[in-house]
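User: I have a structure to look through with you. Please explain the reasoning behind each label as we go.

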Amino acid sequence: MRFYVKTGDVFKEQTDLAIVFAVEKAELPEKLSGLFLADDFSGKAKQTLLIYPRNAATPSRVLLIGIGEADKANPDTFRNAAAVAIKEALRLKAAQVAMGAVAETAVDEQALSQAIVEGAVLGSYRFLEYKTDLKEEDTFEVKKVELFSKDAGKAEKGLEEALAVVAGVTLARNLINKPGADITPARLGEEAEALAKRVGIKATVFCMKELKEQGFGGIISIGKASANEPRFIILEYGEPSDNVPTVVLVGKGISFDSGGLSLKPADGMMTMKGDMGGAATVLGTMEAVARLKLPLHLVGLIPSAENMPGPNAVRPGDIVKSLSGKNMEILNTDAEGRVILADAIYYAHRYNPSAIINFATLTGAMIIALGYHATGLMSTDEELTEKIVAAGEQSAERVWELPLWQEYQEMIKSDIADVKNVAGRPAGSITAGAFLAAFAGDFPFAHLDIAATSWLETPIKAYHHKGATGVGVRMMVELLKEYK
Ligand code: BES
Ligand code: ZN
Ligand code: ZN
C-alpha cells in the first residue's frame, strides 16, 4: 500500500473508490446528498454507504463512512473508520483509493492523516504465511491510497509517523502470530539481529554460554528444560549522552509457555505461543523509534526462554539465584515470566536509565481485573505513570494503574529465600508487579501487563484481527516522541 498526500477536491480524482469521512448530522456536499435517500445514511460511527455517482463526480464509486458527531471525534474515530473503509475497498477490489474528510472536527490535520494511515494499514493486516491455498480475494491489495488534506505539510508528517509506527506494529503482530516451534528464543534473537541491520541499530545476543558465565540464573532456570536454549537479547538505539534521556524497555520473551512442571491445562496453553508479546512490543517499538530517528537513547532488553517440563526442569520448591544475587523461591513454574524478567530488569541498571519500562503477558488475573479494554500499569514513579497514562489515552491503547503498595511487597517475601514467585490468587497481577519492582532498584520503574490486550480472540477495534494486536507499540511511540 503506497500513500500520496494531495490537496484539492477528492471528487475530481479519477480513482476506483473515493472514501469520504462524513460527520453525523452535518450537510454533505450537494453533489453527494442528491445521490441517495437521506434515511439511508446518517453518518453515525462506522456506518457505510456505497454510491455510484455516474456523471456527478469522477471516482467510479464513493464510499461514505460515518464518524459520528463532530465534537466527539478523536484520532481513534478516524483510525477505526479508515479500517472499516479499507476492508470495503478490499471487498470491492478497488486497487486505487482516495480518502478525504468533508467536515471539520477538532482533530488536527497531522493527527488525522496519521490515524487514517494507521487504520488503513492495520485494518488490512492479514497473516497468510502458513496458508497454501490462497484465493485471489485473500491476497488482493489496495495498491495506492491518496490522502486528501487541507494542509499537505502536516499530512506528510502524519503519514511519515504512521508508516514507522505500523512497521513496528506489523512486526510485533507477525512475531506473535507465528507458532512457538518457529519463533524459538534463538529465532527471536535472529529476528532482533535482522531488525538491527534493517534500521541501523546495535544488537547483541547472549547464548547459554554467556548466560552461565554472567549469572543469569532466572533465565537459565526457566529455559534449561527445553531443547530450544534460552537467549538474552540486547538492542541499542542511539547512545548515552547528556543531551538525551536513556530509557530501557524490557519485554517478556517466553516463546511458548506450557507452564513447565506446574503444567497448564490444554485450554490454557492454546494461545501461549503469544507469551513473547512483551518482547514483540519492545522489538516493534525499537523499529518505529529508529525509523523516526527520535532524539533519545533507547535500550531494549529481551530475556527469552521456552517454558517446558522435562527431566531438567526447574521444580516447585527450587531456589534460584538471579543475576542481582537475590534468591528466588520458585513455587509455581507457571509464574515463569517474573523469574526471567528479574534478570533483565536488574541488567538495566548498568545503563543508569531515567526509566525502566517493562512489557509482559504476565498474569491471567489481568483479564479478570480489567477485561480486554486496558493494559494494567504498575509503577514506582508518579511522573512516569502520568506520562504513560497520557500516552495511552492519546494512542487509544489505554492503560489503567494498579497500586504497588508496600503491603504487596510483603506478600512476595519467601520464608527461606529472598522472594517467592507466587503469592496466591488475591491481587495476582499486583504481586507479580511487586516481584518485578523488587529488581528495579531506585530507578523509576513501570510494568505494563499486556496479558489481556496483546491477544484477542474477538477483535474490539476495526483495526484489530483475531490473534495478535501489537499493543504497546503505538502507545510507546506516543510516549517517547516527546520524552524528556
Ligand atoms: N503467560 C501466563 C499469563 C497469561 C495467561 C498470559 C493468560 C496471557 C493469557 C503466565 O506465565 C502465567 O501462567 N501466569 C500464572 C501465574 C500464576 C501461576 C501465579 C497465571 O496467570 O495463572
Ligand atoms: Zn506461565
Ligand atoms: Zn507466561
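Analyst: Start with the spacing. In sequence, the donor residues of the zinc ion (ligand 3) run K-x4-D-x17-D-x60-E. The model is predicted, so local features need pLDDT of at least 70 and side-chain atom pairs need 80 or more, while totals for chains, interfaces and linings use all residues. Residues are numbered from 1 along each chain, chains are lettered from A and ligands numbered from 1 as written, and side-chain values use heavy atoms, without hydrogens or water.

User: What makes K252, D257, D275 and E336 donors of the zinc ion (ligand 3)?

Analyst: Distance. Donors are N, O and S atoms within 2.8 Å of the metal, or 3.2 Å for Na, K and Ca; water is not among the atoms, so sites may look incomplete. K252 (NZ), D257 (OD), D275 (OD) and E336 (OE) lie 2.0 to 2.4 Å from the ion. They qualify.

User: Why is the site of the zinc ion (ligand 3) called octahedral?

Analyst: Six donors count as octahedral if opposite donors are over 155 degrees apart and all others between 65 and 115. Four count as square planar on those angles, or as tetrahedral if all lie between 85 and 135 degrees; anything else is irregular. The site of the zinc ion (ligand 3) has six donor atoms, with angles of 77 to 172 degrees, and is classed as octahedral. For six octahedral donors, the ideal angles are 90 or 180 degrees.

User: Which label does the site of the zinc ion (ligand 2) get?

Analyst: Irregular, with six donor atoms and angles of 72 to 169 degrees. Its donors are D257 (OD), D334 (O), D334 (OD) and E336 (OE), at 2.0 to 2.2 Å. Their spacing is D-x76-D-x1-E.

User: What links the zinc ion (ligand 2) and the zinc ion (ligand 3)?

Analyst: D257 coordinates both, and the ions are 3.2 Å apart.

User: How do you know that D257 is buried?

Analyst: Buried means under 20% relative accessible area, exposed over 50%, partly exposed in between (1.4 Å probe, protein chains only). D257 has 3%, so D257 is buried. E336, at 0%, is buried too.

User: Why does Y372 count as partly exposed?

Analyst: Y372 has 41% relative accessibility, so the label is partly exposed. Y372 sits in the loop between α12 (365-370) and β15 (375-379).

Conventions: Helix = DSSP H or I, 4+ residues; strand = E, 2+ residues; numbered from the N terminus.
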